[in-house]
Amino acid sequence: MSTADHGWGEDGPERLYVITRGRSADGDAFGLVTLIVSRSEPEPSMQPELAAILRICGSPLSVAEISAYLRLPVSVITVLLADLLAEGRIEARAAVPKAFLPDRALLEAVISGLQKL
């Protein structure tokens, strides 16, 4: 029997357990659209997944994008990002909020005022 028959394949839950060292994400520390930017270079002794995050986040990437690029579940990525954030190796930025338009009545009042000038 191969190791894949026992669930020890590359995508098996055991691999994910090893990557996170058995830890799980703490609540909503990172949303799917939270932008992540590297603040340091990877070190040769770093866990490969942590080094990969630092390499690909030279320019801002969302948590969802990091998950897709590394082909790891978001829950695993958030654990790794929490480690990097605690070490000061990354910066997390909230996504740009949607712009709120002013009330229609206000816009009409402004237009009316401009027309009277």
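Is L72 buried or exposed, and what is its relative accessible area? L72 is buried, with a relative accessible area of 4%. The views below come from a predicted model.

**View 1. The whole chain mixes helices and strands.** The chain holds 5 helices and 3 strands. Along the sequence, they follow the pattern α-β-α-β-α-α-β-α. The chain has 117 residues, and 28% of them count as buried. Now look at contacts between residues at least 6 apart in sequence. Of these, 63% join residues at least 24 apart.

**View 2. Helices α2 and α3 cross obliquely.** Helix α2 covers residues 48-56, and helix α3 covers residues 63-70. Two packed helices are described by the angle between their axes and the distance between the axes. Here the axes come within 11 Å and cross at roughly 120°. An angle of 65 to 115 degrees would count as roughly perpendicular. The pair α2 and α3 is therefore oblique. Their crossing is right-handed. From α2, the residues in contact are E49, A52, I53 and I56. They meet I66, Y69 and L70 of α3. This contact has 6 nonpolar residues, no polar ones and 1 charged.

**View 3. Helices α3 and α4 cross roughly at a perpendicular.** The axes of α3 and α4 come within 9 Å. They cross at roughly 110°, so the two helices are roughly perpendicular to each other. This crossing, too, is right-handed. On the α3 side, V63, I66, S67 and L70 take part. On the α4 side, their partners are V74, I77, T78 and L81. By class, the contact has 6 nonpolar residues, 2 polar and no charged.

**View 4. Helices α2 and α4 also meet.** The axes of α2 and α4 come within 10 Å and cross at roughly 75°. The two helices are therefore roughly perpendicular. E49, L50, I53 and L54 of α2 touch L80, L81 and L84 of α4. The residues of this contact divide into 6 nonpolar, no polar and 1 charged. Find E49 and I53 again: both also belong to the contact of α2 with α3. Find L81 too: this residue of α4 also belongs to the contact with α3.

**View 5. Helix α4 carries a run of buried residues.** Helix α4 covers residues 74-86, which makes 13 residues. From first C-alpha to last, α4 reaches 18 Å. That is close to the 18 Å expected at 1.5 Å a residue. Which residues of α4 are buried? They are V76, I77, T78, V79, L80, L81, D83 and L84. An α-helix has 3.6 residues a turn, so residues three or four places apart point the same way. Just after α4 comes G88, with a positive phi of about 75°.

**View 6. The loop between α3 and α4 holds R71 and L72.** Start with R71, which lies in this loop. Most residues other than glycine have a negative phi. For R71, phi is near 55°, a positive value. R71 has 73% relative accessibility, so R71 counts as exposed; the cut-off for exposed is over 50%. Now turn to L72, also placed in the loop between α3 and α4. At a relative accessible area of 4%, L72 is buried, since the cut-off for buried is under 20%. How far apart in space are L72 and E49? Their C-alpha atoms are 9.4 Å apart. In sequence, L72 and E49 are 23 residues apart.

Methods: Residues are numbered from 1 along each chain as its sequence is written. This is a predicted model: local features need pLDDT of at least 70, side-chain atom pairs count only at pLDDT 80 or more; totals for chains, interfaces and linings use all residues. Side-chain values use heavy atoms; hydrogens and water are left out. Axes are lines fitted to C-alpha atoms, for helices over the stretch in contact, and angles run from 0 to 180 degrees between N-to-C directions. Helices (H or I, at least four residues) and strands (E, at least two) are DSSP runs, numbered from the N terminus. Angles under 35 degrees count as roughly parallel, over 145 as roughly antiparallel, 65 to 115 as roughly perpendicular and the rest as oblique. A crossing is left-handed if the near helix is turned anticlockwise from the far one by less than a right angle, and right-handed if clockwise. Contact means heavy atoms within 4.5 Å. Ala, Val, Leu, Ile, Met, Phe, Trp, Tyr, Cys and Pro count as nonpolar, Asp, Glu, Lys and Arg as charged, and the others, Gly among them, as polar. The expected span of a helix is 1.5 Å times one less than its number of residues. Buried means under 20% relative accessible area, exposed over 50%, partly exposed in between (1.4 Å probe, protein chains only).
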